[in-house]
Amino acid sequence: MVTLVNLRAYWRFVRVVHQFLPLLVAYARDRRRFLLFGGPRSVDPATQRERADRLLDSLLTLGPTFIKLGQLLSTRPDVLPPAYIDVLTSLQDDVPPAEWAETRPIIEDEVGPVDEVFDDFERDAISGASLGQVYRATYEGDTVAIKVRRPGVEALVEADLRAVQWLLPILLRFIDESRRFSLSNLADEFDTTIRQEMNYDRERRMLDEIRGNFQDNDRIRIPSAVNDLSGERVLVMEYIEGVKINDIDTLDERGHDRTALAESLQRVYLQMIIEDGVFHADPHPGNLAVDDDGAIIFYDFGMSGRVDAYFQEKIVDFYVAVANQDIDGILDAMIEMGTLSPEADREVMGNVMELAIADVRGENLEQYRVQQVIQQVEDTIYDFPLRLPRNFALILRVATVVEGVCVTLDPDFDFIAVATDYLTEQGYREEGVRQAVESAGDQLEDTARSLVTVPPKLDDVLDRVKRDDLTVQVQLDDEHDVLDRLAKRIAYSILVAVGVLSTSLLYAFNETPEAAIVAGVITVPVAVLLYRSLRERRGVTARPQFTRQEMRRRREK
């Protein structure tokens, strides 16, 4: 069995390399125009878009595992540029279901003979995805949905995961060092995520936990699982029918309040992330519906995540800072969450956030879209780059998709107003005020102490100045070795100048050319070292992206 998996993995590896090779060569030529030599190439947005479309086609061609990989990549702006994120966000996990004859043995291995266990069972799947498909049946008089793992998908995924691991060292050679950690981290995350999504027993546990957290909320409906019939490959649950949440015309025909629906959806996700610490992570319109009573129905808990208490606290800090338009608070929260380096240029990042908020305010200063704020942050994440903790990438995606659904329901939906009301009702903003007051009190105490201690110290310093006994130590922080490289360039320049002058003099005034040739040969290596030093790029290499002119140009594209 292991040998068969390895053979399949080798074949899949060859197919993957064949699909990705043109893109890899293009990326290599971006760094060196002629692969082995030449300067870097600039890539315009149209070329990036074309490459992103090519990557999307390759992922679809390679099948289920790589469709899931593309969906994960769409949540990682620290790995791919914005043009790729835009294209991959549209990747839909919607594929034709497998034949009933192939699926039936899986169901019967888990629950027993279909015709004996169920009162009625529809042989045609009602939906199909890359890893599983869903059937409808009647069990003990109730309509149920049966989610079944796609036949043969385990072996395919196992082979593909091995192929990805073999491909990873090759990919790392084509990207800059600053993004290698993010890509390695992504590969590990993908391995874990796809295995979790194929484990329907885990999905059932997550479904039950989230359902329990909302059992007293009549505005939300989450299917209950039939535990006796559910296992690792089959999940049987209550079937709840509803109107897709983006079917605006039908919602209006049935008299549903779309603004109330948007507010309910936003509050649900705020509770999941901030209060409960476990959340449904795939809120696209295909997984959300509305029943006849106006309650929102949630489907498919295969993609779900958890948030620890520390991260919940920092997310609250971030939301409160956005609501208060507190730029320093936003940056502090991002640093504490690990999404922004403490060494990042706060002035530049502050300008980004100010421009992002100003861009979405509109005439009413309270009206702005958190999705656009997040989009601006995503753009900076790739350009600097930053690192995203695993669950934060999911949360970022959830926030963006949910806000998009809410705006579809109500074009005037005000995310900040809803979030602010929720945070106020839960006491988070009062807590923030209390902490601010305590901090101000501490600062006042420190200031009072300084008023007592500083004058004697200042008097001592003035006495030392009067006695010419004052020593000042200055430490120059050269994090990127700028001075060291400058010194080398000056030294090389002097040596080259001396070498050229010596060669010229020897050639002009010496009857034998051998001495001039020797001087020239000695000078050439030094000239090469000077050239390489001048071409060398270190430190912060991101081009300036955050001037007002550049931000305006991005919006106009």
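**Close-up views of a predicted model**

**View 1. The whole protein, with its helices and strands.** The protein has 21 helices and eleven strands, and what you see here is a predicted model. Of its 557 residues, 42% are buried. Looking at contacts between residues with a separation of 6 or more, 67% come from residues 24 or more positions apart. The accessible surface adds up to about 30,100 Å², and carbon and sulfur atoms account for 52% of that area.

**View 2. A surface patch of positive charge.** Four arginines come together here on the surface: Arg31, Arg32, Arg173 and Arg180. Together they form a patch of positive charge.

**View 3. Arg31, one of the patch residues.** Let us stay with Arg31, which belongs to helix α1, a helix covering residues 2–31. Is Arg31 buried, partly exposed or exposed? Its relative accessible area is 42%, so Arg31 counts as partly exposed, the class between under 20% and over 50%. Arg31 shares its patch with Arg32, Arg173 and Arg180.

**View 4. Thr65 and the residues it touches.** Now for a residue in helix α3, which takes in residues 64–73: this is Thr65. Thr65 has a relative accessible area of 0%, and because buried means under 20%, Thr65 counts as buried. Which residues does Thr65 touch, leaving aside those up to four places away in sequence? They are Leu156, Val157, Asp160, Phe190 and Ile194.

Terms used. Residues are numbered from 1 along each chain as its sequence is written. This is a predicted model: local features need pLDDT of at least 70, side-chain atom pairs count only at pLDDT 80 or more; totals for chains, interfaces and linings use all residues. Side-chain values use heavy atoms; hydrogens and water are left out. Patches are made of residues with over 30% relative accessible area and no salt bridge: like charges are joined within 9 Å, nonpolar side chains (Val, Leu, Ile, Met, Phe, Trp, Tyr) within 5 Å. Accessible areas come from the Shrake-Rupley method with a 1.4 Å probe; for residues, only the protein chains shown count as cover. A salt bridge is a side-chain nitrogen of Lys or Arg within 4 Å of a carboxyl oxygen of Asp or Glu. Lys and Arg count as positive and Asp and Glu as negative; His and the chain ends are not counted. The place of a charge is taken as NZ of Lys, CZ of Arg, CG of Asp or CD of Glu. Helices (H or I, at least four residues) and strands (E, at least two) are DSSP runs, numbered from the N terminus. Buried means under 20% relative accessible area, exposed over 50%, partly exposed in between (1.4 Å probe, protein chains only). Contact means heavy atoms within 4.5 Å.
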